[in-house]
Amino acid sequence: MKKAWILALLGLMWGGAAQAGAVRYEVDGQPFEGYYLTAGKKAPLVVLVHDWDGLTEYEVKRAEMLVALGYSVFAVDLFGAGVRPTAVEEKKKLTGALYQDRPRMRKLLAGALAEAGKLGGRLDNAVALGYCFGGAAVLELARSGADLRGIVSVHGGLDTPAGQDYQLTRANLLIQHGSADQAVSLGQFTALIAELESAGIRHEATSYSGAPHAFSVFGSDNYRADADAKSWQRFTEFLGEVTKG
């Protein structure tokens with residue numbers, strides 16, 4: 001996994017306006033390593049938040065797909081430079097620490113947004129996208145009142161932590177969920193929809209028949225090409241609807 005990640009960083013070559021590269025940045029003195037692709041100064045920005053593996057070649061591939069459509073992308077690192085867990089227990093430990101410290105999660109997300117802006121990303125025309133753990137993280141951004149045009153959670157965690165709500169949410173929300181997800185239940189999915197409706201938050205929520213948790217992860221046992229294709233198509237349509245040119 002690490003070798004593939006390094007090769008992806010070193011081997012990407014882009015023509016035209018697009019540029020690629022790993023980006024070192026700090027939050028509270030701790031080093032992080034994100035990944036930035038730009039399709040030009042005027043391109044809308046997608047802030048991409050990784051799953052519990054950390055920022056790997058999966059996020060690089062999604063970033064490539066987005067820049068090909070004319071979007072700049074900043075892939076966030078929430079674990080720290082060089083921290084790319086492979087063991088399940090380590091993944092649980094890293095994500096669990098952030099689930100238990102929501103202010104810390106918000107600070108890391110805010111730091112990543114600030115770095116994207118420094119790199120030239122258009123924070124005035126941005127959408128946050130998260131997969132699995134990242135899907136839960138972008139909903140934290142939503143509840144924090146982040147000034148984004150859209151927030152998209154793909155097979156992400158959907159529970160609202162105690163003491164939080166969506167009253168400050170400013171972005172349009174798109175929630176994509178697998179109906180056969182054994183990690184995040186349909187009950188949690190419908191509860192979130194009810195909460196958003198009650199709060200008057202603009203949202204769209206879709207469940208994909210037969211799709212398990214992590215249905216969009218290429219090459220995994222849970223990958224479902226039909227659900228991935230449908231969710232990606234709707235996501236790209238959503239980007240066109242909520243961003244400006």
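**Exercise 1. Salt bridges**

Find how many salt bridges there are, then work out where the partners Asp 228 and Arg 62 lie.

*Solution.* Step one is the rule: a salt bridge needs a side-chain nitrogen of Lys or Arg within 4 Å of a carboxyl oxygen of Asp or Glu. By this rule the count comes to 14. The model is a predicted one, in which local features need pLDDT of at least 70 and side-chain atom pairs count only at pLDDT 80 or more, while totals for chains, interfaces and linings use all residues. Residues are numbered from 1 along each chain as its sequence is written, and side-chain values use heavy atoms, with hydrogens and water left out.

Step two is the pair itself. Asp 228 and Arg 62 form a salt bridge whose closest N and O atoms are 2.9 Å apart. Asp 228 belongs to helix α7 and Arg 62 to helix α2 (residues 57–67), so this pair ties together parts that are 166 residues apart in sequence. Helices here are DSSP runs (H or I, at least four residues), as are strands (E, at least two), and both are numbered from the N terminus.

Step three is burial, where buried means under 20% relative accessible area, exposed over 50%, and partly exposed in between (1.4 Å probe, protein chains only). Asp 228 and Arg 62 are both buried.

**Exercise 2. Two more salt bridges to compare**

Decide whether Glu 33 is buried or exposed, do likewise for its partner Arg 24, and then turn to Arg 143 and Glu 140.

*Solution.* Start with Glu 33 and Arg 24, whose salt bridge has its closest N and O atoms 3.8 Å apart. Glu 33 has 15% relative accessibility and so counts as buried. Arg 24, at 57%, counts as exposed.

Next, take Arg 143 and Glu 140, where the closest N and O atoms of the salt bridge are 2.8 Å apart. Both residues sit in helix α5 (residues 133–144), 3 residues apart, about one turn of the helix. Arg 143 is buried at 3% relative accessible area, and Glu 140 is buried at 0%. Through shared partners, salt bridges join Arg 102, Arg 106, Glu 140 and Arg 143 into one network.

**Exercise 3. Aromatic pairs**

Look for the aromatic pairs and say how many there are.

*Solution.* First, the rule: rings of Phe, Tyr and Trp (its six-membered ring) pair if their centres lie within 6.5 Å; planes under 30 degrees apart count as stacked, over 60 as edge-to-face and the rest as tilted. A search of the whole structure finds 10 such pairs.

One of them is Tyr 36 with Phe 74, a tilted pair at 6.5 Å centre to centre and 50° between the planes. Tyr 36 is in strand β2 (residues 30–38) and Phe 74 in strand β4 (residues 72–76), so the pair ties together parts that are 38 residues apart in sequence. Both residues are buried. Together with Tyr 25 and Phe 32, they form one aromatic cluster.

Phe 218 and Tyr 223 make another tilted pair, at 5.7 Å centre to centre and 55° between the planes. Phe 218 is partly exposed at 34% relative accessibility, and Tyr 223 is partly exposed at 25%.

**Exercise 4. Empty space**

Which residues line the largest cavity, and which lie nearest the centre of the largest pocket?

*Solution.* Begin with the terms. On a 1 Å grid over the protein atoms alone, a cavity is a set of points where a 1.4 Å probe fits but cannot get out, and a pocket is an open set with protein on both sides within 12 Å along at least five of seven lines; lining residues have an atom within 4 Å of a point. Grid points are joined across faces, edges and corners, and a volume is the space filled by probe spheres set on the points.

The search finds 1 cavity of 30 Å³ or more, and the largest cavity has a volume of about 40 Å³. Its lining consists of Arg 62, Tyr 131, Val 154, Gln 176, Ser 216, Asp 228, Ser 231, Trp 232 and Phe 235. Helix α7 (residues 225–242) gives the most to this lining, with 4 residues.

The largest pocket holds about 330 Å³ of space. Of its 18 lining residues, Trp 52, Cys 132, Phe 133, Ala 183 and His 213 lie nearest its centre. Helix α3 (residues 88–100) gives the most to the pocket lining, with 4 residues.
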